[in-house]
Amino acid sequence: MASLKLSVSPEHNSFHESKKLTSAVIPFKFASSVLFSGYFSTNGALIVKPFCELKHIRVSKLRDEFLDTSDSILDGYSIDNLEKCVDADDNLIVQEQNSNGEFDRARIDIWKTFRGVNKARRSANRNLDIRRNGNKYKKGEKFTAPFERNRVLGGDQTLVDIDLDDVGPDLSSERCNLILEQLERSNDSSKALKFFEWMKANGKLKKNVTAYNSILRVLGRKTDWNGAEIMIKEMISESSCELNYQVFNTLIYACNKSGLVDMGTRWFKIMLDYNVRPNVATFGMLMSLYQKGCHVEEAEYAFSRMRNLKIICQSAYSSMITIYTRTRLYDKAEDVILFLKEDEVVLNKENWLVVLNCYCQQGKLDDAELALRAMKEAGFSPCIVAYNTMITGYGRVSSMDQSERLLDNLKETGLVPDETTYRSLIEGWGRTGNYEKAKFYYTELEKFGFKPNSSNLYTLIRLQAKHEDEVGAIRTINDMLTIGCQKSSILGIVLQAYEKADRLIKMSAVLEGPMYDHVLKNQTSCTILVTAYVKSSLIDNAMEVLRKKKWKDRVFEDNLYHLLICSCKDLGHLENAVKIFTCMPKSGKPNMNIFCTMIDVYSKMALFSEAEKLYTELKASDIKLDMIAFSVVIRMYVKSGSLKEACAVLETMDEEKNIVPDVYLLRDILRIYQRCGMEDKLADLYYKVLRNGEIWDEEMYNCVINCCARALPVDELSRLFDEMLQRGFLPSTITFNVMLHVYGKSRLFEKAKGVFWMAKKRGLIDVISYNTLIALYGKNKYLKNMSAAVTKMQFDGFSVSLEAYNCMLDAYGKQGEMDKFKSVLQRMKLSNCSSDRYTYNILINIYGEKGWIEEVANVLVELKEYGIGPDLCSYNTLIKAYGIAGMVEDAVALVKEMRENGIEPDRLTYTNLITALRKNDMFLEAVKWSLWMKQMGL
């Protein structure tokens with residue numbers, strides 16, 4: 001292929017030697033540039049600079065090719081589109097704008113020279129082609145006229161109009177390539193593919209990489225990746241083509257333009273699988289693609305392969321630093337900065353700028369200053385981007401004196417602050433809370449015709465809310481409207497600022513004109529504003545907005561009121577919830593959701609009468625309550641202690657066939673039945689739930705065992721407990737204690753011991769556990785075990801409880817071990833353990849059984865001194881004791897005393913009295929009391 005090369009020598013380049021050889025960064029020493037080849041790169045692309053002397057221009061081997069149609073479309077980059085090109089020698093050729101937005105004049109002159117050479121060469125090609133191929137047309141080609149360039153690249157007849165039947169098979173491969181390329185450029189993919197198939201059928205693709213590159217561009221635009229992969233395999237197997245980086249760069253370029261990260265990575269890996277060495281353009285396109293979406297893993301892979309291959313792509317280093325900086329992986333970004341030194345990369349302006357940005361983003365402004373100084377020493381005059389980066393960095397750390405210094409330096413160097421400069425200054429002063437400075441630079445921004453960004457406007461609103469400048473806030477809101485901000489977004493920004501300043505009450509003064517009209521007309525904005533008012537307990541403001549609203553949607557309005565009431569309930573502002581409920585417009589039919597929420601609110605406020613009124617109103621309406629409504633009502637009655645009413649609601653719920661209680665309601669029902677002693681209901685509900693086959697969680701197992709302990713047989717409880725353990729659930733301390741009681745009551749002592757030690761091993765033993773175990777041994781007359789349990793209780797750090805003392809007193813007294821009985825009483829006094837009524841009843845019973853009336857009398861005196869007074873059990877025990885002691889008249893007097901004290905005698909009372917009368921031979925009186933019992937129905 002014809003080539004045009006620019007030979008450049010740096011031997012006598014004094015400018016380069018004075019500037020570039022001093023390129024070193026103080027905090028991280030970069031390698032000095034050597035053999036600078038007459039270009040440097042900015043923003044990821046290289047720009048030709050005539051720093052070096054031009055030795056000569058060599059033009060050779062001009063054939064029937066055209067530089068502007070082949071050499072200008074290398075590696076998938078087009079010079080016409082200001083894209084990067086890579087020639088066969090991996091030299092980067094681009095055009096770039098300078099800092100003032102103009103193209104470099106010297107570079108343009110060079111390219112004008114190139115275009116002159118191209119023009120002369122095209123003319124020579126055309127004449128040479130006519131001479132060489134004139135005889136061929138006469139002998140066999142179907143074309144009767146010479147195949148001129150204007151017939152290929154322009155002219156009256158375009159290639160789109162040519163019928164393939166008119167193309168002869170003797171057409172040269174070079175001309176076929178030109179036709180294919182023109183078809184590819186015309187974006188007529190179908191004609192290009194059709195002509196490509198013609199070339200294949202006529203043997204024009206043998207070792208024809210150029211044709212395959214053209215068709216791969218077509219397939220890349222169509223995103224026909226399967227077809228492209230087939231084409232690459234065909235290049236090797238059928239056309240004996242040697243794959244090079246240009247083939248894959250064509251496809252990677254298509255992925256780059258379309259932002260297809262996964263597909264670009266896939267082509268890169270296929271390229272490596274074919275052992276094709278990537279070039280600079282490959283990595284430039286890949287890293288640019290990964291930078292767009294901050295794809296860290298893919299970028300790291302490509303970057304590591306680039307370094308392993310010893311390929312230097314300046315834009316790739318910049319992309320890698322940028323990706324790490326954006327993802328806040330600052331340590332890794334600094335590692336890449338060190339790689340710039342290790343890999344001896346000559347830094348371009350883009351490299352310096354991303355290094356500055358990396359340090360500024362971290363707040364490492366000292367390192368950033370050193371980098372800026374090194375950038376100047378390397379021959380790069382700091383541009384406006386560098387100054388803006390530094391100003392923003394100092395603003396981030398609230399060092400605005402340094403930002404002001406940089407602003408002055410910027411002006412001294414002849415640069416003019418742009419909108420980014422003023423925006424950064426507004427943000428920086430806003431971060432320090434200096435409203436006057438932020439307002440000054442905002443005025444400067446507008447004076448020079450620049451527009452603020454949304455962050456500037458939010459900063460101003462935040463400062464104005466804090467400094468009570470409502471007039472300025474109104475002006476800022478108008479500016480937001482002027483630049484086209486959405487009104488809903490403006491409302492959100494203003495609300496956030498005034499909420500943060502705790503001055504939401506001033507929102508009514510700030511929202512005026514079109515903004516307030518928008519709030520009244522737009523349902524979403526209205527909801528946002530009134531919700532903010534309610535959260536700040538500004539109920540009157542919220543109600544005023546709702547009264548003035550201009551939209552009508554009854555369902556949405558009910559949902560909004562429900563949301564506001566729920567918000568108040570969640571925040572604990574129950575009085576505000578009641579106020580909203582009272583002020584909301586009433587309709588003929590109650591809203592079940594709102595009523596249920598208010599029943600819950602009234603329950604929390606202990607206003608059970610108000611809650612019950614709402615429930616009554618719901619029942620009176622035609623609304624059918626759902627499961628949640630029944631749950632709320634049931635809990636309301638449970639909190640009020642009205643268990644009978646709760647059971648009535650449960651019966652009503654059972655009549656509704658479509659209501660299936662959830663796990664929370666089931667647990668509530670179990671607890672209600674337990675507290676009411678409804679063991680039959682408990683058993684029925686348990687087996688009903690069991691038949692449903694639902695999977696229980698840990699809390700459900702604990703609740704069922706605790707509530708159904710008295711309703712279920714011990715075998716079923718034992719099975720349920722074992723199933724819970726097998727499923728890996730942890731029983732609670734209450735569950736362990738319940739199972740201890742169940743096993744003890746059933747005299748299953750081994751199982752009881754096993755449960756106790758299991759609970760102890762898991763650290764779930766408490767005082768009640770020991771009390772249960774002590775009572776278990778005492779009732780079953782295992783006195784030694786009982787005493788040992790008391791000792792273990794103290795050893796484990798628990799004080800002996802009153803319940804434990806009562807169990808020991810009862811056990812020792814009934815077994816006649818009065819010395820131990822008295823010893824326990826003495827221990828109680830020494831430990832300052834106060835007796836309760838149960839203790840006194842035990843003493844009366846034991847002393848009465850022994851006939852120790854004086855001790856019984858002393859207990860009664862002590863009982864009355866403490867103001868406890870006897871209960872039904874005490875009176876029954878006393879009557880029994882008096883009967884044993886032969887004090888029948890005193891026993892009869894106790895019955896009269898019971899009635900005077902408001903205690904109604906029960907069956908045991910009369911039984912003990914009749915027994916006492918019979919023992920003392922007062923049979924007639926015993927018969928009278930027996931008849932009285934029958935009349936009483938006892």
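The expected span of a helix is 1.5 Å times one less than its number of residues. Helices (H or I, at least four residues) and strands (E, at least two) are DSSP runs, numbered from the N terminus. This is a predicted model, in which local features need pLDDT of at least 70 and side-chain atom pairs count only at pLDDT 80 or more, whereas totals for chains, interfaces and linings use all residues. Residues are numbered from 1 along each chain as its sequence is written, and side-chain values use heavy atoms, with hydrogens and water left out.

**The whole chain**

Begin with the full model, which contains 48 helices and 6 strands. Of its 938 residues, 48% are buried; buried means under 20% relative accessible area, exposed over 50%, and partly exposed in between (1.4 Å probe, protein chains only). Among contacts (heavy atoms within 4.5 Å) with a separation of 6 or more, 63% join residues 24 or more positions apart.

**Stop 1: residues 923-935**

Select helix 48, residues 923-935. Its 13 residues should span 18 Å at 1.5 Å a residue, and the end C-alpha atoms, 18 Å apart, agree with this. Display the side chains of Ala926, Trp929 and Met933, which are buried. They cover an arc of only 65 degrees around the axis, which puts them on the same side of helix 48; the arc is that of the directions from the helix axis to the C-beta atoms. An α-helix has 3.6 residues a turn, so residues three or four places apart point the same way. Turn to the other side of helix 48 to find Leu924, Lys934 and Gln935 exposed. Add helix 46 (888-900) and helix 47 (907-919), which are among the elements that cover the buried residues of helix 48.

**Stop 2: serine 172 and threonine 223**

Move to serine 172, in the loop between helix 3 (149-153) and helix 4 (173-185). Serine 172 counts as partly exposed because its relative accessibility is 25%. Now select lysine 204 as well: the two residues are 32 residues apart in sequence, and their C-alpha atoms are 7.9 Å apart in space.

Next, select threonine 223, in the loop between helix 6 (209-222) and helix 7 (225-237). What is the phi of threonine 223? The value is positive, near 55 degrees, in a residue other than glycine. Most residues other than glycine have a negative phi, and most peptide bonds are trans. With 40% relative accessibility, threonine 223 counts as partly exposed.

**Stop 3: helices 9 and 10**

Show residues 261-273 (helix 9) together with residues 280-293 (helix 10); they pack at an angle of about 150 degrees, with their axes 10 Å apart. Helix 9 is therefore roughly antiparallel to helix 10. Angles under 35 degrees count as roughly parallel, over 145 as roughly antiparallel, 65 to 115 as roughly perpendicular and the rest as oblique. Axes are lines fitted to C-alpha atoms, for helices over the stretch in contact, and angles run from 0 to 180 degrees between N-to-C directions. The crossing of helix 9 past helix 10 is left-handed, meaning that the near helix is turned anticlockwise from the far one by less than a right angle (right-handed if clockwise). Val261, Gly264, Thr265, Phe268 and Met271 of helix 9 make the contact with Thr282, Phe283, Leu286, Leu289 and Tyr290 of helix 10.

**Stop 4: glutamate 344 and helix 15**

Go to glutamate 344, in the loop between helix 13 (330-342) and helix 14 (349-362). Although not a glycine, glutamate 344 has a positive phi of about 55 degrees. Its relative accessibility of 58% makes glutamate 344 count as exposed.

Then select helix 15, residues 365-377. The buried residues here are Leu365, Ala368, Glu369, Ala371, Leu372, Ala374 and Met375. They pack against helix 14, helix 16 (384-396) and helix 17 (400-412). After helix 15 comes glycine 379, with a positive phi near 100 degrees.

**Stop 5: helices 19 and 20**

Finish at helix 20, residues 454-466. Which residues of helix 20 are buried? They are Asn456, Leu457, Thr459, Leu460, Ile461, Leu463, Gln464 and Ala465. Their cover includes helix 18 (419-432), helix 19 (435-447), helix 21 (470-482) and helix 22 (487-500).

Isolate helix 19 and helix 20, whose axes come within 10 Å and cross at roughly 145 degrees. Their crossing is left-handed. Tyr435, Ala438, Lys439, Tyr442 and Leu445 of helix 19 meet Asn456, Leu457, Leu460, Leu463 and Gln464 of helix 20 in the contact. Just after helix 20, select glutamate 468, which takes a positive phi of about 60 degrees.
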